[in-house]
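Thank you all for coming; I would like to take you slowly through one model today, and I will explain the terms as we meet them. Please have a look at the sequence and the structure first.

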Amino acid sequence: MLNDARRLVIKVKVLDELCFGSLEGLACGYLRESFPEEHAKRQADKVHYRYPGAGGESYMDLIMRLRDCVQAMERVKTDAIVICDVAVARALLGYYQGIPIQDIADLSIHPGIIELTRSHSGFQVATLKVEEGDVSLLAKTT
């Protein structure tokens with residue numbers, strides 16, 4: 001399907017998952033146990049907390065990174081499919097649903113397909129559960 005000449009597939013780095021800096025690769029749920037000070041900082045302000053180390057990002061960094069991508073998506077007049085991980089899905093859903101920035105990091109994202117349909121009052125959201133393949137550990141715990 002993706003090789004169909006009528007479909008345009010664009011891979012963009014801006015849709016990469018949030019970078020966890022020096023904590024990249026830390027198993028899900030181990031921040032609290034292994035780095036309690038970092039966990040406390042993150043809990044205090046999830047949107048502005050920046051993971052330590054080279055490349056570490058905050059949700060605000062991610063939102064700024066996605067800005068041009070969102071603007072490009074707004075200009076598209078046809079259907080688009082975005083394949084992304086949890087933090088990116090939260091940021092995009094937050095934008096398209098008009099959710100306050102401070103609430104984006106806590107959006108519940110479930111594994112599967114999220115369909116956004118443009119309507120006169122914004123976007124309608126529909127979800128389709130997918131039980132095939134591997135699922136992000138972050139998605140499993142939300």
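**A hairpin, two packed helices and three residues**

Let me begin with the strands: S1 (residues 112-119) and S2 (residues 122-129) run antiparallel and are joined by eight bridges, where two strands pair if DSSP finds at least two bridges between them. Strands here are DSSP runs of E with at least two residues, and helices are runs of H or I with at least four, numbered from the N terminus. Two residues lie between S1 and S2, which form a hairpin, and within this pairing Ile114 stands opposite Thr127 in S2.

Before going on, I should say that this is a predicted model, in which local features need pLDDT of at least 70 and side-chain atom pairs count only at pLDDT 80 or more, while totals for chains, interfaces and linings use all residues. Residues are numbered from 1 along each chain as its sequence is written, and side-chain values use heavy atoms, with hydrogens and water left out.

Now to the helices. Helix H3 (residues 59-75) and helix H4 (residues 86-97) pack at an angle of about 60°, with their axes 10 Å apart; the axes are lines fitted to C-alpha atoms over the stretch in contact, and angles run from 0 to 180 degrees between N-to-C directions. H3 and H4 are therefore oblique to each other, since angles under 35 degrees count as roughly parallel, over 145 as roughly antiparallel, 65 to 115 as roughly perpendicular and the rest as oblique. Among the residues that make the contact (heavy atoms within 4.5 Å) are Leu62 and Leu66 of H3 and Ala91 and Leu92 of H4.

Turning to single residues, is Glu38, in helix H2 (residues 36-44), buried or exposed? Glu38 is buried, because its relative accessible area is 15%, and buried means under 20%, exposed over 50% and partly exposed in between, with a 1.4 Å probe and protein chains only. The side chain of Glu38 makes a polar contact with that of Tyr49 at 2.4 Å, a polar contact being a pair of N or O atoms within 3.5 Å; within protein, one must be able to donate a hydrogen and the other to accept it, and residues adjacent in sequence count only if both atoms are side-chain atoms.

Arg32, in helix H1 (residues 31-34), is exposed, with a relative accessible area of 57%, and its side chain makes a polar contact with the side chain of His39 at 3.5 Å.

Finally, Ser58 sits in the loop between H2 and H3 and is buried at 2%, while its side chain reaches the backbone nitrogen of Met60 at 3.3 Å.
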